[in-house]
Amino acid sequence: METIPSKLFFLFSTLFLLHANATDIHYCDRKANYDVEVKGVQITPDPIARGHPATFTISATTSQALSEGKLSIDVSYFGWHVYSETHDLCGESSCPISVGDFVIAHSQLLPGFTPPGSYSLKMKLFDGNKNELTCITFGFDIGFGDPVADS
């Protein structure tokens, strides 16, 4: 029979693990009233391993239905802009997107020669009329080692 302390321990340890995998996000304009609110970003693996795929999963909610749009990504390394790309929203999520919660998932294979260290990413989401729906920034790390060799 489980005791209340063991249930509480399980609950708190689960919450700790969820928080440990969460990535801190910041809105580009803290005063803006964006139509898309980003709830969280999860990066797998964390830290990212050079030469292996990394997945960025973004949980969000929208106040308007979306049938098309663009996702722009800018990456900086120690403050220097190093990479940009643009994707079709419907290629990164299931369209049409109804009002409410949705997920954007993007996987990227980083070259083996990618320098290890701390990076920052700025993501902007635009609707089909090029109206900015959200803009966030968050940091991520690229590790020195190979996770396959480390395990």
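Over how many bridges do strand E8 and strand E9 pair, and in which sense, parallel or antiparallel? I looked this up in what is a predicted model, and I found that E8 (residues 117-127) and E9 (residues 132-142) pair over 10 bridges in the antiparallel sense. Within this pairing I picked out Ser 120, whose bridge partner in E9 is Gly 139.

I then followed the sheet outward and noted that it is open, with five strands in the order E2-E9-E8-E5-E6 and antiparallel pairing. Strand E2 (25-27) and strand E6 (80-88) each have a single partner strand, so one side of each of these edge strands is left without a neighbour in the sheet. Neighbouring strands here are turned against each other by 20° on average, when direction is ignored.

Next I turned to Ser 76, which lies in strand E5 (residues 69-77). I counted Ser 76 as buried because its relative accessibility is 17%, and buried means under 20%. Leaving aside residues up to four places away in sequence, I found that Ser 76 touches His 81, Val 82, Tyr 119 and Ser 120.

My last entry concerns the aromatic rings, of which the structure holds six pairs. Tyr 27 and Tyr 34 have ring centres 5.5 Å apart and planes at 25°, so I recorded this pair as stacked. Phe 56 and Phe 138 instead form a tilted pair, with 6.2 Å from centre to centre and 45° between the planes. This pair links distant parts of the chain, since Phe 56 is in strand E4 (residues 53-62) and Phe 138 is in strand E9, 82 residues apart. I noted that both Phe 56 and Phe 138 are buried, and that ring pairs link them with Tyr 77, Phe 78, Tyr 119 and Phe 140 into a cluster.

Conventions: Residues are numbered from 1 along each chain as its sequence is written. This is a predicted model: local features need pLDDT of at least 70, side-chain atom pairs count only at pLDDT 80 or more; totals for chains, interfaces and linings use all residues. Side-chain values use heavy atoms; hydrogens and water are left out. Two strands pair if DSSP finds at least two bridges between them. Helices (H or I, at least four residues) and strands (E, at least two) are DSSP runs, numbered from the N terminus. Axes are lines fitted to C-alpha atoms, for helices over the stretch in contact, and angles run from 0 to 180 degrees between N-to-C directions. Buried means under 20% relative accessible area, exposed over 50%, partly exposed in between (1.4 Å probe, protein chains only). Contact means heavy atoms within 4.5 Å. Rings of Phe, Tyr and Trp (its six-membered ring) pair if their centres lie within 6.5 Å; planes under 30 degrees apart count as stacked, over 60 as edge-to-face and the rest as tilted.
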